[in-house]
Amino acid sequence: MGKMAAAVGSVATLAAEPREDAFRKLFRFYRQSRPGTADLGAVIDFSAAHAARGTGPGARKVVRSQLSVSSVSDHDAHRAGLQPVSKWQAYGLQGYPGFIFIPNPFLPGYQWHWVKQCLKLYSQKPNVCNLDKHMTQEETQDLWEQSKEFLRYKEANKRRPRSLLEKLRWVTLGYHYNWDSKKYSADHYTPFPSDLAFLSEQVATACGFQGFRAEAGILNYYRLDSTLGIHVDRSELDHSKPLLSFSFGQSAIFLLGGLKRDEAPTAMFMHSGDIMVMSGFSRLLNHAVPRVLPSPQGESLPCCLETPLPAILPRDSVVEPCSEEDWQVCTSYLKTARVNMTVRQVLATDQDFPWESMEEKKRDITTEGFCHLDDKNCQVKRVKLNPDS
């Protein structure tokens, strides 16, 4: 109890200090935090049975969120690798209307599929990634094939340089986000993955957003020294639809703030399998990831990833089998990393992109590709940590 009070006191003192905005202070505090100490005592852990909450500045009372249980059939949930919606636990925070946190609703073993897709399939062309800025399309054609042998034998030779897959920082899907112009465009689009679209539609529907269309995705690949800076996701043309976030691998700290940075954010853990939904008022709030947390057991997987994917899957499942060889590569990668998928609807129904001149289009094409994850080993030019603010 004394350590908790000390942690809360430290956070309160930081948030009250002048000269720097409250969000930035706490971002720096958690970026430098020491796992296993009182530094994380004020961080909300929704996966705890009682959804324990912090009491530091900006912390809100955890409340239960109501889901639209009957809107998603158990069969469709199973097809996406999810438990029946009636078994999900969903929480919100007082003061953050529209924010929904769902601790790991995936069926045992089914996270394997989504991890494999992020590393093996979604990283392939025609999708766009941070490595494209300084490498040819041939060199980035299949990052998985180029990297899998490095990762399979990584433990035997830890001094080996990072593989291309380990240098991956982001991948964009569907309407490809332009990091410099902060825009989506009709001219820069590739088909959105059908399995991820189905998963996203089931989650959105369960949260009360029937008719959600998965049109754009940003996948972030975090190493233990990566952070995601303070930003707001406002580039989508329709803000009435939710932003969906799926986490896999090592845990991280997520900060959710206010409309301005002078409001101290609330800190919470994101564990493997957790889903966050930002909608309504919470859709345009500042947020960030200041810290990826190494496993307390050293280089190991979260317990929920140790259960294998079932050998027999529903006949119409969007989830595909995962071979032992593929999972060995995924395991090697995730022991020191996490992957996050964010999915959004860009356009409202019957809405089109605004017209752009040829000069604007050329400028957007020549400036795209910058990295927005802050990482000591990022191989492309780094600009501000945030993509949208």
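A residue is taken as buried when its relative accessible area is under 20%. By this criterion, strand S6, which spans residues 216–223 of the predicted model, is mostly covered, with eight of its eight residues buried. Burial extends to both faces of S6. Ala216, Ile218, Asn220 and Tyr222 are buried on one side, and Gly217, Leu219, Tyr221 and Arg223 are buried on the other.

Strand S6 pairs with two other strands described here. Strand S5 (residues 170–174) runs antiparallel to S6 and is joined to it by five bridges. Within this pairing, tryptophan 170 has asparagine 220 of S6 as its bridge partner. Strand S13 (residues 337–344) also runs antiparallel to S6, and eight bridges join the two. In S13, threonine 342 stands opposite isoleucine 218.

Over the chain, the secondary structure comes to nine helices and 14 strands. Of the 389 residues, 57% count as buried. Among contacts with a separation of 6 or more, 78% are between residues 24 or more positions apart.

Nonpolar side chains were then examined. In soluble globular proteins, such side chains tend to be buried together. The largest nonpolar core of the model has 64 residues, of which Trp114, Leu199, Phe246 and Met341 touch the most other members. Helix H7 gives the most to this core, contributing seven residues. With residues up to four places away in sequence left out, methionine 341 touches Trp114, Cys118, Tyr122, Leu196, Leu199, Ile218, Leu219, Leu244, Ser245, Phe246 and Phe248. Ile218 and Leu219 in this list belong to strand S6, one on each of its two sides. A second core, separate from the largest one, has 21 residues, including Phe46, Tyr91, Met278 and Val292.

Charged side chains were considered next. Side chains of opposite charge can pair when their charged atoms come close. The structure holds 14 salt bridges. One of them links arginine 79 to aspartate 76, with the closest N and O atoms 3.6 Å apart. These two residues are about one helical turn from each other, because they are three residues apart in helix H3 (residues 74–79). Aspartate 76 has a relative accessible area of 23% and is therefore partly exposed.

A salt bridge also joins the side chains of lysine 120 and aspartate 326, at an N to O distance of 2.9 Å. Lysine 120 lies in helix H4 (residues 111–121) and aspartate 326 in helix H8 (residues 324–334), so the pair ties together parts of the chain that are 206 residues apart in sequence. Lysine 120 is partly exposed, at a relative accessible area of 27%, whereas aspartate 326 is buried, at 10%.

The side chains of glutamate 145 and lysine 148 form another salt bridge, with 3.2 Å from N to O. Both residues are in helix H5 (residues 143–152), where a spacing of three residues places them about one helical turn apart. Glutamate 145 is partly exposed, with a relative accessible area of 43%, while lysine 148 counts as buried at 17% relative accessibility. Salt bridges further link Asp233, Glu236, Arg283 and Arg344 in a network.

Aromatic side chains form ten pairs. One of these, between tyrosine 175 and tyrosine 189, is tilted, with 4.6 Å centre to centre and 50 degrees between the planes. Both tyrosines lie in the loop between S5 and helix H7 (194–206), so their pairing ties together parts that are 14 residues apart in sequence. Tyrosine 175 counts as buried at 15% relative accessibility, whereas tyrosine 189 is partly exposed, with a relative accessible area of 41%. Ring pairs also link Trp170, Tyr177, Trp179 and Tyr184 into a cluster. Within this cluster, Trp170 is the residue whose bridge partner in S6 is asparagine 220.

Two arginines are placed over tyrosine rings, and each of these contacts involves a residue of S6. Arginine 223, buried in S6, lies over the face of tyrosine 333 at 5.2 Å from the ring centre. The charged end of arginine 338 sits over the ring of tyrosine 222, 4.6 Å from its centre. Tyrosine 222 is itself among the buried residues of S6, on the side that also carries Ala216, Ile218 and Asn220.

Notes: Residues numbered from 1 in each chain as written. Predicted model: local features only at pLDDT ≥ 70, side-chain atom pairs only at ≥ 80, totals over all residues. Heavy atoms only, no water. Buried < 20%, exposed > 50% of the residue type's maximum accessible area, 1.4 Å probe, protein only. Helix = DSSP H or I, 4+ residues; strand = E, 2+ residues; numbered from the N terminus. Pairing = 2+ DSSP bridges. Salt bridge = Lys/Arg side-chain N within 4 Å of Asp/Glu carboxyl O. Phe/Tyr/Trp six-rings, centres within 6.5 Å; stacked < 30°, edge-to-face > 60°. Lys NZ or Arg CZ within 6 Å of the ring centre and 35° of its normal. Core = buried A, V, L, I, M, F, W, Y, C linked by side-chain atoms within 4.5 Å. Contact = heavy atoms within 4.5 Å.
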